[in-house]
Amino acid sequence: QAFFAVGKGSKDSGIRISELINQVWLDVLRRQNPNIFKEHIKGQLGYGEAYLKVVHNEDWTDRNRIGLPVHFIVLNPMVVYGSPEEDVNGVPKRVIVFYERQPLDIIVRYPNWSNPKQRNLNEKGTKIEWLEYWDGESRYFEADGEPVLSKGVQPNVYGFVPFVRKFSGFGRRSPDGDLSSLIVSDIRYSRDLIREECATRSNIASIEFLFAHKAKTLIAQGLDPNKLKEDISYGAYDFNYIDADPSKVRIDEIDITPSGDVFKHHGDIVAELNQRHPFIMSGFPWGTSGRQQDMSELAAMRRYDSVVENTENALATALEMGWKICQKLDLKPDELRASDMKAEFKCSVNLKAADVLENDRRITLGDREYQAGTISLYSLHTQYMGMTEDEHKQEVGRILADKVTFLNPEWAAVVGSAAAKEGGLELELQQVRERLQGMVEGQALTKPLPETGRERMMGEIKTPLGHEEAVPRGARRPPEGFIRER
């Protein structure tokens, strides 16, 4: 869910932009393959950084408006080289992208490309070397060393580098500016532990194999080994023959059996990996009860808060970029007005999945503050219940309608009278009203005076022994066999 703080423009423009991005743009991004939210998080976990590229949709025209006016693309960080210098939003000053592409992708986009290396484009597995360069003022593309843009270098019509870079948050900045100290994946400091787990698992498999398939050895003189192998069958087990006097040959058989200590050591390694990286235990039970499961999962997933927050900030910056591209290239969506395209806003995104316990605590806290009068209904809906501004307005309208209609006794009486008159039940309705009125008057005459807590408790006790042993609410009874005088 995206939230917008409009800095320039009317509030109505902000509402329409919020509806467009939340109900259309984010919905399309959730449905597309691959899912950019998951891909961005995978990049941070697997590589230690992630890049999000924002470019306009060249196929989005007045006659053909399929998809979004801008593309949001998550690139493999292994093929993107961003300069160490960047702005406050994580946008590098310069970016180089180098990777291999399918020939058909280039031919469709750039029909004037001449295939300078004379590759067989119909051969299976043929790839074209692709290079991009971006900075705030220019852009340059080439395929197999040949520029594909007219005039080679073109001005950057966006006015900014359309890339957002975010790190995983597991590293720290180096004094010498080396980015490798910031680009830290989730498993960088566990690589040796993973190798040890693989080696231990391989050793266990080897021991089990040798234990299950012990070799057979025969010691004798003057026998034909080939004939022995034909006459004696041990199936998959190895058969060894030694042509010697059995009394002069001694073979010490090594009894290889799986040791419990080996399995315990392997289990300890796996447990440490699960503790270091709870992400790999996603979908598996953590505890013996639902409450323990919820608490353990909530505590373990805190490790990835920085990854989720960086993804939220990256997507917020990318949405602001997409909006600026729409403004510069006059890509007005049908849902907006011409005046809305002049609006400027600051975007924030909330991607964290809903947690039942955390949401319940947050809503309870917000309701308590609202009842105490410290926050408004708007703050309760938007900050504690996750509603957008438009959803808040709709909900307020429904609440007011309910108070005026269903929760209003006078309205209920009018509706009830109209329904009784329509159904020919006016006499029965009058009789019910008289009966209810008599019951209310009788209860008013017999209503007792307010009781204290002790009087209420004593009134519920029906035996003399109960009166003697009654303990007022909140008082403590001393333990048996204890006398204060001692």
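Helices α10 and α11 sit oblique to each other, because their axes cross at roughly 130°, outside the range over 145° that counts as roughly antiparallel and the range from 65 to 115° that counts as roughly perpendicular. This is a predicted model, and three helix pairs, a pocket, a cavity and two backbone details make a good first tour. Along the way, residues such as Ile 36 and Phe 37 turn up both in a helix contact and in a cavity lining.

**Helices α10 and α11**

- Helix α10 covers residues 377-384 and helix α11 covers residues 389-404, and their axes come within 10 Å.
- The crossing of this pair is right-handed.
- On the α10 side, the contact is made by Leu 377, Tyr 378, His 381 and Thr 382.
- On the α11 side, Glu 389, His 392, Glu 395, Val 396 and Ile 399 take part.
- Sorted by class, this contact holds four nonpolar, three polar and two charged residues.

**Helices α4 and α6**

- Helix α4 (residues 191-212) packs against helix α6 (residues 260-276) at an angle of about 150°, and the axes lie 10 Å apart.
- The two are therefore roughly antiparallel, since angles over 145° count that way.
- Here the crossing is left-handed.
- From α4 come Leu 193, Ile 194, Glu 196, Glu 197, Thr 200, Arg 201, Ile 204 and Glu 208.
- They meet Val 262, Phe 263, His 265, His 266, Ile 269, Val 270, Glu 272, Leu 273 and Arg 276 of α6.
- The contact of α4 with α6 has eight nonpolar, three polar and six charged residues.

**Helices α2 and α8**

- Helix α2 spans residues 36-47 and helix α8 spans residues 305-328; their axes come within 10 Å and cross at roughly 130°.
- These helices are therefore oblique to each other, and their crossing is right-handed.
- Ile 36, Phe 37, His 40, Ile 41, Gln 44 and Leu 45 make the contact from α2.
- Their partners in α8 are Val 307, Asn 310, Thr 311, Ala 314 and Leu 315.
- This contact has seven nonpolar and four polar residues, with no charged ones.

**The cavity**

- A search of the whole structure turns up one cavity of 30 Å³ or more.
- About 50 Å³ of space lies in the largest cavity.
- Its lining is made of Ile 36, Phe 37, His 40, Leu 52, Val 74, Thr 311, Ala 314, Leu 315 and Leu 351.
- Helices α2 and α8 are the elements that give two or more residues to this lining.
- Seven of the lining residues are nonpolar and two are polar, while none is charged.

**The second largest pocket**

- The second largest pocket has a volume of about 960 Å³.
- It is lined by 37 residues, and Lys 53, Val 55, His 71, Ile 73 and Arg 109 lie nearest its centre.
- Among the helices that each supply at least two lining residues are α1 (11-31), α2 and α3 (103-109).
- Strands that do so include β2 (49-56), β3 (70-75), β5 (94-101), β6 (128-135) and β7 (138-143).
- Strand β3 gives the most to the lining, with six residues.
- By class, the lining divides into 21 nonpolar, seven polar and nine charged residues.

**Two backbone details**

- Most residues other than glycine have a negative phi, and most peptide bonds are trans.
- A cis peptide bond joins Asn 33 and Pro 34, with omega at about -5°.
- Pro 34 is found in the loop between α1 and α2.
- Lys 151 has a positive phi, near 65°, although it is a residue other than glycine.
- The place to look for Lys 151 is the loop between β8 (146-147) and β9 (153-155).

Terms used
Residues numbered from 1 in each chain as written. Predicted model: local features only at pLDDT ≥ 70, side-chain atom pairs only at ≥ 80, totals over all residues. Heavy atoms only, no water. Axes fitted to C-alpha atoms, helices over the stretch in contact; angles between N-to-C directions. Helix = DSSP H or I, 4+ residues; strand = E, 2+ residues; numbered from the N terminus. Parallel < 35°, antiparallel > 145°, perpendicular 65-115°, else oblique. Left-handed = near helix turned anticlockwise from the far one by under 90°. Contact = heavy atoms within 4.5 Å. Nonpolar A, V, L, I, M, F, W, Y, C, P; charged D, E, K, R; others polar. 1 Å grid on protein atoms, 1.4 Å probe; cavity = no way out; pocket = protein on both sides within 12 Å on 5 of 7 lines; lining within 4 Å. Points joined across faces, edges and corners; volume = space filled by probe spheres on them.
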